Amino acid sequence: MSIKITGLGSYIPNKTVANEDFENHSFLNADGSSFKQNNQVIIKKFMAITGIEERRYATENLNTSDMAYVAAQRAIKNALCDPETIDYIIVSHNFGDVKYGDGQADMIPSLASRVKQKLQIKNPSCVAYDLIFGCPGWVEGVIQANAFIKAGIAKKCLVIGAESLSRVIDPHDRDSMIYADGAGASIIEETNDEGGIFSHETASFTLEEANFIFNGKSYHTEADKTYFIKMHGRKIYEFALTNVPLAMKKCLDKSKFGINDVSKILIHQANEKMDEAIVKRFYELFDMEMPENIMPMCINKLGNSSVATVPTLYDLITKGNLAPHEIKKGDVLLLASVGAGMNINAIVYQH
């Protein structure tokens, strides 16, 4: 018996926003003062650091739960799954449904309840709940599903990561260019197949680190009192470089696999430069250089969609939509994420 991801699905919004679309924005420092550089220089530096050329935003008629529902439908179809046999629906997000132009988070009822309703699942024993865990939410949802199945209280779980960050960003904050929208979903279940989840690791750092990502006012001093997602980028970068490679190594050490067995590292698509530095540091712990093509990236075209990045990345590769990357049966994957909390997690998984 093994616990495996038997179905994957994602929803990538149709609206593409290129870096050039930010050229007329009024970017400001945290104190409300203007930058010395013009926007073209700011955008060029942003591209060099993050690797982001464009990102996707949800269209006005869609909310986070709508994208989660579509991704769930696709994962269910991919798994050849009867929705009525699902024991748990776990939806990872951070801001709930935020209607276009509103800015107010709506989490009642839970997004998981909304997805269950949209799927028209009648079974009351199918438990639906939300998981607020920062960007590592989907990975943590998979870890929880694994625990439920191991404990014998579930046989099949639907785990979704969905977010519409475009609706909670400060247009005067240059960091707003990082964020994107989307959803990724997975069916996790007990199978007779080989492979599956071999180990996992989770950690929460909440002393100084708890406020590295937070809700704050606009950088425009005359803006209304709406709060937006904010971050201390340099602190996050240093934190991630120190702690994520250690968590990844600890997770791999707990599995039956060695470093040379790892075929791909599917890391949260947060920032290309940061992700590459994390993976390089991880291999340095084994006195090795980072192998070529070990770290697939989709952030250049999709941006950072928080909890949706890892399942979307996995789905793109398995469906043959991220050449030259491919994942074959038996391949050993290391999934890893870092985000608000500050939370870190990792999974060693054999496809």
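Me: Is Gln120 buried or exposed?
Reply: Gln120 counts as exposed, at 55% relative accessibility. Buried means under 20% relative accessible area, exposed over 50%, and partly exposed in between, with a 1.4 Å probe and protein chains only. This is a predicted model, where local features need pLDDT of at least 70, side-chain atom pairs count only at pLDDT 80 or more, and totals for chains, interfaces and linings use all residues. Residues are numbered from 1 along each chain as its sequence is written, and side-chain values use heavy atoms, with hydrogens and water left out.

Me: Where does Gln120 lie?
Reply: In the loop between H3 and strand S7 (127-131). Helices (H or I, at least four residues) and strands (E, at least two) are DSSP runs, numbered from the N terminus. Phi of Gln120 is near 60°, a positive value in a residue other than glycine.

Me: And what is phi of Asn293?
Reply: Near 60°, again positive in a residue other than glycine. Asn293 sits in the loop between H6 and helix H7 (299-302). Its relative accessible area is 48%, so Asn293 is partly exposed.

Me: OK, cis bonds. What is the peptide bond from Ile108 to Pro109?
Reply: Cis, with omega near 0°. Ile108 is in the loop between strand S6 (105-106) and helix H3 (111-119). Pro109 is in the loop between S6 and H3. A cis peptide bond also joins Gly341 and Met342, with omega about -10°. Met342 is in the loop between S14 and strand S15 (343-350).

Me: Back to Ile108. Buried or exposed?
Reply: Exposed, with a relative accessible area of 75%. Ile108 also joins Met107 and Ile132 in a nonpolar surface patch of about 320 Å². Patches take residues with over 30% relative accessible area and no salt bridge; like charges are joined within 9 Å, nonpolar side chains (Val, Leu, Ile, Met, Phe, Trp, Tyr) within 5 Å. Accessible areas come from the Shrake-Rupley method with a 1.4 Å probe; for residues, only the protein chains shown count as cover.

Me: Pockets next. How much space lies in the largest pocket?
Reply: About 1,100 Å³. Of the 44 residues that line the largest pocket, Asp175, Ile178, Met231, His232 and Gly233 are the closest to its centre. On a 1 Å grid over the protein atoms alone, a pocket is an open set of points with protein on both sides within 12 Å along at least five of seven lines; a cavity is a set where a 1.4 Å probe fits but cannot get out; lining residues have an atom within 4 Å of a point. Grid points are joined across faces, edges and corners, and a volume is the space filled by probe spheres set on the points.

Me: Which element gives the most to that lining?
Reply: H1, with 5 residues. Among the elements that supply at least two are helix H1 (39-50), strand S12 (227-231) and helix H5 (233-254). The lining of the largest pocket divides into 25 nonpolar, 13 polar and 6 charged residues. Here Ala, Val, Leu, Ile, Met, Phe, Trp, Tyr, Cys and Pro count as nonpolar, Asp, Glu, Lys and Arg as charged, and the others, Gly among them, as polar.

Me: How many residues line the second largest pocket?
Reply: 21, with Tyr57, Tyr100, Ser166, Arg167 and Ile169 nearest its centre. About 400 Å³ of space lies in the second largest pocket.

Me: What about closed space: how many cavities of 30 Å³ or more?
Reply: The search of the whole structure finds 1. About 50 Å³ lies in the largest cavity. Residues that line the largest cavity include Tyr11, Asp181 and Thr312.

Me: Switching to salt bridges. What is the count?
Reply: 16. A salt bridge is a side-chain nitrogen of Lys or Arg within 4 Å of a carboxyl oxygen of Asp or Glu. Lys118 forms one with Asp66, the closest N and O atoms being 2.9 Å apart. Lys118 lies in helix H3 and Asp66 in helix H2 (residues 64-78), so the pair ties together parts 52 residues apart in sequence.

Me: Which residue does Asp170 meet in a salt bridge?
Reply: Lys230, at 2.7 Å, N to O. Asp170 lies in the loop between strand S8 (156-164) and S9 and Lys230 in strand S12, so the pair ties together parts 60 residues apart in sequence. Both Asp170 and Lys230 are buried.
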